[in-house]
Amino acid sequence: LAGSQNWGVPAGFDVEGFLSAAKRNFLTLQDAWDRSDIPSLRAMMTDEMLSEIRTQLAERERELAGQPNKTDVVMLEAQLLGIE
């Protein structure tokens, strides 16, 4: 990360809890994507993001013609660099 950063991690912040929740949220989001679960995706996205995802899901449906989509997350590593 180039440049000066004015951010960091406050003392006492639950980094492990935050990262654990972030990983769970990623897996939840990936599962909702695989199932084309618009209500679940809507709960996690802005309207603009959801619009883009709907477009991508429609493209996927055209290409896969109803075949199920299943993503296997075999490894997920995360690191909290700072809070802004």
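This text goes through a predicted model, from its first helix to the loop that follows and then to the nonpolar core.

Helix α1 runs over residues 15-34. The helix has 20 residues and reaches 29 Å from its first C-alpha to its last, close to the 28 Å expected at 1.5 Å a residue. Its buried residues are Leu19, Gln30, Ala32 and Asp34. What covers these buried residues includes α2 and α3.

Just after α1, Ser36 takes a positive phi of about 55°. Asp37 lies in the loop between α1 and α2. Is Asp37 buried or exposed? Its relative accessible area is 16%, and because the cut-off for burial is under 20%, Asp37 counts as buried. The side chain of Asp37 has polar contacts with two other side chains: that of Arg35, at 3.1 Å, and that of Ser40, at 2.7 Å.

The largest nonpolar core consists of seven residues: Ala32, Ile38, Leu41, Met45, Leu50, Ile53 and Leu57. Two elements, α2 (38-44) and α3 (47-64), give two or more residues each to this core. The most comes from α3, which gives three residues. Ala32, a member of the core, is also one of the buried residues of α1. In soluble globular proteins, nonpolar side chains tend to be buried together.

Leu41 shows how parts of this core meet. Leaving aside residues up to four places away in sequence, Leu41 touches Leu29, Ala32, Trp33, Leu50, Ile53 and Leu57. Among these partners, Ala32, Leu50, Ile53 and Leu57 belong to the core as well.

Technical notes: Residues numbered from 1 in each chain as written. Predicted model: local features only at pLDDT ≥ 70, side-chain atom pairs only at ≥ 80, totals over all residues. Heavy atoms only, no water. Core = buried A, V, L, I, M, F, W, Y, C linked by side-chain atoms within 4.5 Å. Buried < 20%, exposed > 50% of the residue type's maximum accessible area, 1.4 Å probe, protein only. Helix = DSSP H or I, 4+ residues; strand = E, 2+ residues; numbered from the N terminus. Contact = heavy atoms within 4.5 Å. Polar contact = N/O pair within 3.5 Å; in protein donor to acceptor, adjacent residues only side chain to side chain. Expected span 1.5 Å × (residues − 1).
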